[in-house]
Each structure stands twice: as C-alpha cells, then as structure tokens.
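User: Hey, got a minute to go through this model with me? Let's start with helix packing.

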Amino acid sequence: MIEARHLRVLRAVAATGSFSAAARRLGCTQPAVSQQMKALEITAGTPLLIRTGREMRLTQAGEALVRHASGILAGLTAAEEEIAAIAGLRAGRVRLVSFPSGSSTLVPTALAALRAAHPGTRVSLVEAEPPRSVEMLREGDCDVALAFRYGATAAEWDDLIVRPLLADRLVGLVPEGHRLADSGTVTIGDLADEPWIAGCPRCRRQLVEVCEEAGFTPRIDFATDDYPAVIGLVGAGLGVAVLPELAMESVRPKGARTVTVEPSVHREIVALTLPDLAQVPAVAATLDQLTLAARR
C-alpha cells in the first residue's frame, strides 16, 4: 500500500530535482528522503526516479504517480479537516429516534440547546415506540434512541449504553364530572368498575398488570397510541385512563381531570446508544443535552 508520506516526498523530489533540496523543503535529512523513495519504489514495484548528473528525473511511472499524488493528498487533507471538524463538534450528524411524548417534551429542549452550543451538528428525528426504537438502534438505523421501560428487565439492554434520564410517574385521568374528579388521590382499585382507555402496547400491558395486582382485570373499551386521543376520549366521558406525566406536559386535558394514583407506578425514561457510538462527540453531546433537558 502506497503511504501518503512517501507521496509527499516524491512530489518534493519532483518539484526540486534532488534529494537534498527535497529534504530542505520537507525539513528532514537527505538520507531520510532517500530511504523513503526506496521504500516507495519497492511498493510500486518499478523505478520512479532516474539520476542524471546532479538531478533526478522522473520515469514514466514516476510521472504518473506524481500526477495522481496531488489529488490523493488533497483528498486526504480534506478528509483530515472534516474529521477534525466532527471531532471538534464543528460538524457531525446524529440520527435520533424517540417515542411521541418524549419528542414533544425532552427532545425540543435538548436539540435547541445542542444547536446553540454546536450549530454545525445536524440532528434528524423519527418517532418509534420501544421495543421497535431499540431494534432500530441495534440495526444501525439510528444513533440515539429515547426509550422507556416499566421495571428493569434482566439483560434487556446489556449490550447498550444506557443513560438514565428520569422516572416518569403515571397519573390517573377521569372526566370532569366523574365521581372521583375532586378526590386528589385515588387507588387503582377505585377505578375497577370503570371502562378504560389504554395507550401504547407496552403501556397497555403495564396497565393490565397493575390492575390485576389490585385484584381486577380492566375492561378496555378503547386503545390508541395517540395520547391526545386518549385525553379526548376521557374528556368526552367515555372512560378513565392512566398516563405518564410526560405525556400530559404538552397536551391540555380539556374536559378531563388528573388525579394521583396509588400505589405509584413509574416508567424509566432513558437514552440509549451503542458502545462505539458513545465515543462519537456529536452523539455524546446529544446524550448530555437530553440529560440536562430531563432535569429542567
């Protein structure tokens, strides 16, 4: 493989006409230039220079290599500058996937701060619920996944870098005219006979588990992944629900009241990435900004 340092020496020899002049231009010794030219000729498998008196003349192969050297070295310089820009966060790209309530709350704050601090870093965003978002990370379709889980599952994310962000408590949601609307705090058992409106599949499973622990199976009349739809259905008096507090931050619960539910249930909000990606400056900066956004 031809090395860039050898091409630089060859170009200097071609420009100056001698090893000694090339050495002065490059700031090294004449024997060093001679050794590197010998190494380059061995790699090329053919002579590149012919000595004519005190000067060096390029062979046809030498002329061809010098002709290509300028473009090769310019490309390497451009690559080095681009890598330096990415490493210094003057450039870079991050592909982020998030669940909807994270997209409307944590993500805007984090990305605004990231853009202010590193305007050259570009971030793209798509939405997906876990476990699909985690699959996308493992499949290489994103660099950072904002995800959640109810309770730690052994080995679920052992192959990933997990950045804990916050514990998101579930709150109850009842129609304004409901008998428990002014209660402040209710138990899950107080809602045993109510029709239920359930959220995403993972949230739905958690709801059933919590209710069954309280001694009943919820009657789920409606199920939707759209939190505003859940709130609208409750506000219309069609049932009750439990939603994460994060989901309530960006939606005005028209016609509905929130109540504290006991025993408390939390979902863990995390940012995930792969171990190698965690070393990329733009990815690390995104994780840091998501962490700060969760503390606000």
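User: At what angle do H6 and H11 pack?
Analyst: Helix H6 (residues 106-117) and helix H11 (residues 281-295) pack at about 125 degrees, with axes 8 Å apart. Axes are lines fitted to C-alpha atoms over the stretch in contact, and angles run from 0 to 180 degrees between N-to-C directions. That makes H6 oblique to H11, since under 35 degrees counts as roughly parallel, over 145 as roughly antiparallel, 65 to 115 as roughly perpendicular and the rest as oblique. Helices are DSSP runs of H or I with at least four residues, strands E runs of at least two, numbered from the N terminus.

User: Is this predicted or experimental, by the way?
Analyst: It's a predicted model: local features need pLDDT of at least 70 and side-chain atom pairs 80 or more, while totals for chains, interfaces and linings use all residues. Residues are numbered from 1 along each chain as its sequence is written, and side-chain values use heavy atoms, leaving out hydrogens and water.

User: Which H6 residues meet H11?
Analyst: Leu-106, Thr-109, Ala-110, Ala-113 and Leu-114 do, and their partners in H11 include Ala-285, Gln-289 and Leu-290; contact means heavy atoms within 4.5 Å.

User: New topic: which peptide bonds are cis?
Analyst: One runs from Pro-130 to Pro-131, with omega near 10 degrees. Another goes from Glu-262 to Pro-263, with omega near -5 degrees. Most peptide bonds are trans.

User: And where do Pro-131 and Pro-263 lie?
Analyst: Pro-131 is in the loop between strand S4 (121-127) and helix H7 (132-138). Pro-263 sits in the loop between strands S11 (256-262) and S12 (266-273).
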